[in-house]
Amino acid sequence: MLHDRLLVSLEGEPGERRSGGGILIPATASVGKRLAWGAVVATGPNARQVESGDRVLFDPDDRAEVEIQGKEYLLLRERDLHAIAAERVEDGPSGLYL
């Protein structure tokens with residue numbers, strides 16, 4: 001990886017999901033713009049706040065897809081992230097910081 005680039009693996013499939021009330025929402029349902037979570041697989045040498053293994057929140061419309069050894073990954077810049085979830089962050093109970 002070069003510069004501030006991140007190699008991210010998507011978590012889960014964009015399929016059916018359940019609402020907080022237990023209602024099943026089909027994959028074909030039209031929803032507004034949603035952010036997606038992914039797991040960081042590799043980072044470039046200039047990535048300052050993200051490490052491998054972190055969960056990151058990003059806009060799925062701003063992404064570049066790449067296939068490595070038959071598995072699909074996303075290539076993102078660190079500045080395109082909206083949030084990072086990491087156990088190493090000790091400032092609060094959520095582990096999220098912006």
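**Exercise 1. Val-66 and its patch**

Task: Classify Val-66 as buried, partly exposed or exposed, then find which surface patch holds this residue.

Solution.
- Step 1. The relative accessibility of Val-66 is 31%, so this residue counts as partly exposed. The model is a predicted one.
- Step 2. Place the residue in the chain. Val-66 belongs to strand E6.
- Step 3. Look for nonpolar partners on the surface. Val-66 forms a nonpolar patch with Met-1, Ile-68 and Leu-75.
- Step 4. Give the area. Together the four side-chain owners, Met-1, Val-66, Ile-68 and Leu-75, have about 280 Å² of accessible area.

**Exercise 2. Met-1 and its surroundings**

Task: Locate Met-1, classify its exposure and list what it touches.

Solution.
- Step 1. Met-1 lies in the segment before E1.
- Step 2. Its relative accessibility is 39%. Buried needs under 20% and exposed needs over 50%. Met-1 is therefore partly exposed.
- Step 3. Set aside residues up to four places away in sequence. Met-1 then touches Leu-6, Leu-7, Ala-42, Thr-43, Gly-44, Pro-45 and Leu-75. Leu-75 is also a member of the nonpolar patch with Met-1.
- Step 4. Compare sequence with space. Met-1 and Asn-46 are 45 residues apart in sequence. Their C-alpha atoms are 9.6 Å apart.

**Exercise 3. The chain as a whole**

Task: State how many helices and strands the chain has, and describe its contacts and surface.

Solution.
- Step 1. Count the elements. The chain has zero helices and nine strands.
- Step 2. Write the order from the N terminus: β-β-β-β-β-β-β-β-β.
- Step 3. Check burial. Of the 98 residues, 28% are buried.
- Step 4. Check the reach of the contacts. Take the contacts with a separation of 6 or more; 60% of them join residues 24 or more positions apart.
- Step 5. Turn to the surface. The accessible surface is about 7000 Å², and carbon and sulfur atoms hold 48% of it.

**Exercise 4. Charges and rings**

Task: Find how many salt bridges the structure holds, and which arginine has its charged end over the ring of Trp-37.

Solution.
- Step 1. The structure holds one salt bridge.
- Step 2. Name the partners. The side chains of Arg-5 and Asp-4 meet at 3.7 Å, N to O. The cut-off is 4 Å, so this pair qualifies.
- Step 3. Classify both partners. Arg-5 has 24% relative accessibility and is therefore partly exposed. Asp-4, at 18%, is buried.
- Step 4. Turn to the rings. The whole structure has zero aromatic pairs.
- Step 5. Look for a charge over a ring. The charged end of Arg-55 sits over the ring of Trp-37, 4.4 Å from the ring centre.

**Exercise 5. Positive phi angles**

Task: What are the phi values of His-3 and Gln-69, and where do these residues lie?

Solution.
- Step 1. His-3 has a positive phi of about 55°, though this residue is not a glycine.
- Step 2. His-3 sits in the segment before E1.
- Step 3. Gln-69 is not a glycine either, and its phi is positive, near 50°.
- Step 4. Gln-69 lies in the loop between strand E6 (64–68) and strand E7 (71–77).
- Step 5. Check exposure. Gln-69 has 83% relative accessibility, so this residue is exposed.

**Exercise 6. Ser-9 and Leu-35**

Task: For Ser-9 and for Leu-35, give the place in the chain, the exposure class and the contacts.

Solution.
- Step 1. Ser-9 is in strand E1, which spans residues 5–10.
- Step 2. At 13% relative accessibility, Ser-9 is buried, because buried means under 20%.
- Step 3. Leave out neighbours within four places in sequence. Ser-9 then contacts Gly-38, Ala-39, Val-41, Lys-71 and Tyr-73.
- Step 4. Leu-35 lies in the loop between strand E3 (24–25) and strand E4 (36–43).
- Step 5. Its relative accessibility is 40%, so Leu-35 is partly exposed.
- Step 6. Apply the sequence filter of four places again. Leu-35 contacts Leu-57, Phe-58, Asp-59, Pro-60 and His-82.
- Step 7. Finish with a distance. Leu-35 and Leu-81 are 46 residues apart along the chain, and their C-alpha atoms are separated by 9.9 Å.

Terms used: Residues numbered from 1 in each chain as written. Predicted model: local features only at pLDDT ≥ 70, side-chain atom pairs only at ≥ 80, totals over all residues. Heavy atoms only, no water. Helix = DSSP H or I, 4+ residues; strand = E, 2+ residues; numbered from the N terminus. Buried < 20%, exposed > 50% of the residue type's maximum accessible area, 1.4 Å probe, protein only. Contact = heavy atoms within 4.5 Å. Areas by Shrake-Rupley, 256 points an atom, 1.4 Å probe, with all protein chains shown as cover. Patch = residues over 30% accessible without salt bridge, like charges linked within 9 Å, V, L, I, M, F, W, Y side chains within 5 Å. Phe/Tyr/Trp six-rings, centres within 6.5 Å; stacked < 30°, edge-to-face > 60°. Lys NZ or Arg CZ within 6 Å of the ring centre and 35° of its normal.
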